[in-house]
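The following exercises are to be worked through with the sequence and the coordinates at hand. Each task is followed by a solution in steps.

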Amino acid sequence: MASPMNIAQKFQADASYGPGTVVQIGGEFDVTSAQPQSTSIVGVVTSTPGILLNPDLTGTNVVAVAIHGVVQCTVSGSASKGDQLIISPSGALQSVANYTSEFWVLNVGNVVGIALEDATGNESIIDVQLGVC
């Protein structure tokens, strides 16, 4: 696949987050690391935004957050191309097909995106089409 392209916006985070980190509204500032079953996901931290909104924002822990398009993400466990991805208890993304919990319910905002390639092993970095819904 070609290099990931996305539209990103700068936000001030409550801590330093690296590329691939899923963030949600909250924390001391604009965004914080997303928690499992969050319904306030904003997007994924990216180091390669195609288009950057709010480019003049400066300050401590300012991050570019991909809000639309394709971004590289860490996936925990296996996922197949086309799988919906949610936040796992470890904070990485995980395929809905592999998530088992009697307490988990798919809610609006839980799905971060769709896997654009297969993920195998404990952790993989793959391209994900963002589809926060």
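**Exercise 1. A loop residue**

Between which strands does the loop that holds Ser16 lie? Determine also whether Ser16 is buried or exposed.

Solution. The model is a predicted one.
Step 1: Ser16 is located in the loop that connects strand E1 (6-12) with strand E2 (22-25).
Step 2: the relative accessibility of Ser16 is 65%. Exposed requires a value over 50%, so Ser16 is classed as exposed.
Step 3: a distance can be added. Ser33 follows 17 residues apart along the chain, and the C-alpha atoms of Ser16 and Ser33 are separated by 9.7 Å.

**Exercise 2. The chain as a whole**

State the secondary structure content of the protein chain, and give its burial and its contact statistics.

Solution.
Step 1: the count is zero helices and ten strands, and the order along the sequence reads β-β-β-β-β-β-β-β-β-β.
Step 2: of the 133 residues in the protein chain, 42% are buried.
Step 3: consider the contacts with a separation of 6 or more; 60% of these come from residues 24 or more positions apart.
Step 4: the exposed area of the protein chain is about 6700 Å², of which carbon and sulfur atoms supply 51%.

**Exercise 3. Strand E4 and its partners**

Explain why strand E4 (residues 41-45) is described as largely enclosed by the rest of the structure, and identify the strands with which E4 pairs.

Solution.
Step 1: five of the five residues of E4 are buried, and therefore the strand is largely enclosed by the rest of the structure.
Step 2: on one pairing, E2 and E4 run antiparallel and share three bridges. Within this pairing, Val23 has Gly43 of E4 as its bridge partner.
Step 3: E4 also pairs with E6, again in the antiparallel sense, over two bridges. Here Val44 is placed opposite Ala66 in E6.

**Exercise 4. The surroundings of Gly43**

Which residues does Gly43 touch, not counting residues up to four places away in sequence?

Solution.
Step 1: Gly43 belongs to strand E4.
Step 2: the relative accessible area of Gly43 is 0%. Since buried means under 20%, Gly43 is buried.
Step 3: with the stated exclusion, Gly43 touches Thr21, Val22, Val23, Val65 and Ala66.
Step 4: for Val23, the separation from Gly43 is 20 residues in sequence and 5.8 Å in space, taken from C-alpha to C-alpha.

**Exercise 5. Strand E10 and Gln129**

Which residues stand opposite Gln129 in the pairings of E10 with E6 and with E9?

Solution.
Step 1: strand E6 (residues 62-76) and strand E10 (residues 123-130) are antiparallel and are joined by seven bridges.
Step 2: in this pairing, Val70 stands opposite Gln129.
Step 3: strand E9 (residues 113-115) is likewise antiparallel to E10, and three bridges join them.
Step 4: in this second pairing, Ile114 stands opposite Gln129.

**Exercise 6. A nonpolar surface patch**

Which residues form a nonpolar patch on the surface with about 230 Å² of accessible area together?

Solution.
Step 1: the members of the patch are Ile51, Leu53 and Ile67.
Step 2: Ile51 is part of strand E5 (residues 51-53).
Step 3: the relative accessible area of Ile51 is 48%. Membership of a patch requires over 30%, a condition that Ile51 meets although Ile51 counts as partly exposed.

Key. Residues numbered from 1 in each chain as written. Predicted model: local features only at pLDDT ≥ 70, side-chain atom pairs only at ≥ 80, totals over all residues. Heavy atoms only, no water. Patch = residues over 30% accessible without salt bridge, like charges linked within 9 Å, V, L, I, M, F, W, Y side chains within 5 Å. Areas by Shrake-Rupley, 256 points an atom, 1.4 Å probe, with all protein chains shown as cover. Salt bridge = Lys/Arg side-chain N within 4 Å of Asp/Glu carboxyl O. Helix = DSSP H or I, 4+ residues; strand = E, 2+ residues; numbered from the N terminus. Buried < 20%, exposed > 50% of the residue type's maximum accessible area, 1.4 Å probe, protein only. Pairing = 2+ DSSP bridges. Contact = heavy atoms within 4.5 Å.
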